[in-house]
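Biologist: I'm still learning to read structures like this one. Could you take a close look at the pockets for me, and then follow the thread to whatever sits around them?

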Amino acid sequence: MTHEYEKVLTPSSGLRLHLNENTAGCSPKVIEALQRLTRQDIAFYPDYDDVVAACATRLGVTPEQIVLTNGLDEGILALTVAALRDRDASVPEAVVVVPAFDMYASTAAGVGARVVEVPMGADFAFPATRILEAIGPRTRLLFLTSPNNPTGLVIPTRDIIQIAQQAPHVSVLVDEAYADFAEVTLVGDAAIRALPNVFVGRTFAKAYGLAGIRAGVVIGDPTALARLRRVVPPFSVNAGAVAALIAGLNDVDYYRWYLDQVRSSRSLLYTALAKAGVRYWPSEANFVLAHFGERARAVVDGLAARGVHVRDKSRDPACPGCIRITTGVVEHTEVCIRALEEVLCAEA
Ligand SMILES: Cc1ncc(COP(=O)(O)O)c(C=O)c1O
């Protein structure tokens, strides 16, 4: 298996509900901050003290507990390199719980690890026991996602603690790309803080609408993070991203408004799916996974023909017949629901 990242097509127009982006756009304050950039700001190498302090304050940790990265993708790459670099002659292993975000397997395989896939249990139950069985002396890295992409389900914290305690030689990345939309986070959890092999990844792409800016953080034990700091290039986040991120973090009203929109959108979509007799999984993220069975491809195509782009997840492990729909601004979700009703009616 090659584990290559499959590039997702970029539609030239229409409503993008296929990549879990912020459908409102970033805060207007971000644009103002970018417009205030001077020629010197662009000419000089950026300084990260203020932006790291702003991230730390927002997340309730200290600056020493944070590594700033060029999107969470770079955090995934940095942790993978850091975890796999000191090796003996044997091939190191990375455990991925599937279905999962494609980047874990493609990055680990790209860095030379053997990828060990552990399937989720029935109805996407978290397979804690099977993960522990899959971890061996060669395992260096375990990728977990909470809330998970594409299911939107949260991993019980006690399971993460149990795994990390029983496998202290494994770096555990808990990818919390969607935790802004959830009720729980590991950031600030005292039991997690006591486990130096647990790293939490966050992105500002989703709730803050900064996907195009590229900014994320990895949070962890300051000593353990030293291995990542050696890997991340010293100026990997550009000056525009620094200004944008500080402005985005400061506009708390806009952030809260967007979280409210996502919560309302999820409820509207649940109601519409239930009315249409379509099974879905209640999500703690800014998307919902729904099971359309054999109609899945026709639904994706029918929605695209109406200018609404959603993600066919049929080829993901354990997801046949499933579609993932981003839930952003309520007005956009209403457009999606109307299009979906038309497609299902035409299909009937
Ligand atoms: C689970 C997960 N982790 C990480 C990322 C990437 O985040 P970033 O855009 O900050 O690189 C995504 C993006 O979709 C994601 O779904």
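**A walk around the pockets**

Modeller: Let's start with the second largest pocket: helix H4 (71–84) and helix H5 each give at least two residues to its lining. Keep in mind as we go that this is a predicted model. H4 is the biggest giver here, with four residues of that lining. In total, 32 residues line this pocket, and the ones nearest its centre are Tyr5, Leu19, Asp73, Phe101 and Lys206. The space inside comes to about 630 Å³. Sort the lining by class and you get 14 nonpolar, six polar and twelve charged residues.

Now hop over to the largest pocket, which holds about 960 Å³. H5 turns up again: it supplies at least two lining residues, and so does each of E3, H12, strand E11 (308–309) and strand E12 (311–312). The lining has 34 residues, and Glu6, Asp102, Arg311, Arg315 and Asp316 are the ones nearest the centre. By class, that's 15 nonpolar, seven polar and twelve charged.

Two of those elements, E3 and H5, have a neat detail in the loop that joins them. Pro99 sits in this loop, after strand E3 (93–98) and before helix H5 (102–110). The peptide bond leading from Val98 into Pro99 is cis, and its omega is near 5 degrees.

Let's follow H12 next. Helix H12 (residues 296–305) crosses H13 at roughly 125 degrees, and their axes come within 9 Å. That angle makes the pair oblique to each other, and the crossing is right-handed. On the H12 side, the contact uses Ala298, Val299, Gly302 and Leu303, while H13 brings Cys336, Ala339, Leu340, Val343, Leu344 and Glu347. This contact has eight nonpolar residues, plus one polar and one charged.

H13 has another partner too. Helix H11 (residues 252–275) packs against H13 (residues 330–347) at about 15 degrees, with the axes 9 Å apart. An angle under 35 degrees counts as roughly parallel, so H11 and H13 get that label. Their crossing is right-handed. From H11 the contact takes in Gln261, Ser264, Ser265, Leu268, Leu269, Ala272, Leu273 and Lys275; from H13 come Val330, Thr333, Glu334, Ile337, Leu340 and Glu341. That gives seven nonpolar, four polar and three charged residues. Did you spot Leu340? It appears in the contacts of H13 with both H11 and H12.

Besides the pockets, there are closed-off spaces: two cavities of 30 Å³ or more. The second largest has about 40 Å³ of space, and its lining is Ser27, Ala207, Tyr208, Gly248, Asp251, Tyr254 and Tyr255. Four of these are nonpolar, two polar and one charged.

The largest cavity has about 70 Å³. Among the residues lining it are Ser146, Pro147, Val154, Ile155 and Thr157. Its lining splits into seven nonpolar, three polar and one charged. Ser146 and Pro147 are also joined by a cis peptide bond, with omega about -5 degrees. Pro147 belongs to the loop from strand E5 (139–145) to helix H7 (157–166).

One last backbone oddity: Asn20 isn't a glycine, but its phi is positive, about 55 degrees. You'll find Asn20 in the loop between strand E1 (15–16) and helix H1 (28–35).

Methods
Residues are numbered from 1 along each chain as its sequence is written. This is a predicted model: local features need pLDDT of at least 70, side-chain atom pairs count only at pLDDT 80 or more; totals for chains, interfaces and linings use all residues. Side-chain values use heavy atoms; hydrogens and water are left out. Axes are lines fitted to C-alpha atoms, for helices over the stretch in contact, and angles run from 0 to 180 degrees between N-to-C directions. Angles under 35 degrees count as roughly parallel, over 145 as roughly antiparallel, 65 to 115 as roughly perpendicular and the rest as oblique. A crossing is left-handed if the near helix is turned anticlockwise from the far one by less than a right angle, and right-handed if clockwise. Contact means heavy atoms within 4.5 Å. Ala, Val, Leu, Ile, Met, Phe, Trp, Tyr, Cys and Pro count as nonpolar, Asp, Glu, Lys and Arg as charged, and the others, Gly among them, as polar. On a 1 Å grid over the protein atoms alone, a cavity is a set of points where a 1.4 Å probe fits but cannot get out, and a pocket is an open set with protein on both sides within 12 Å along at least five of seven lines; lining residues have an atom within 4 Å of a point. Grid points are joined across faces, edges and corners, and a volume is the space filled by probe spheres set on the points.
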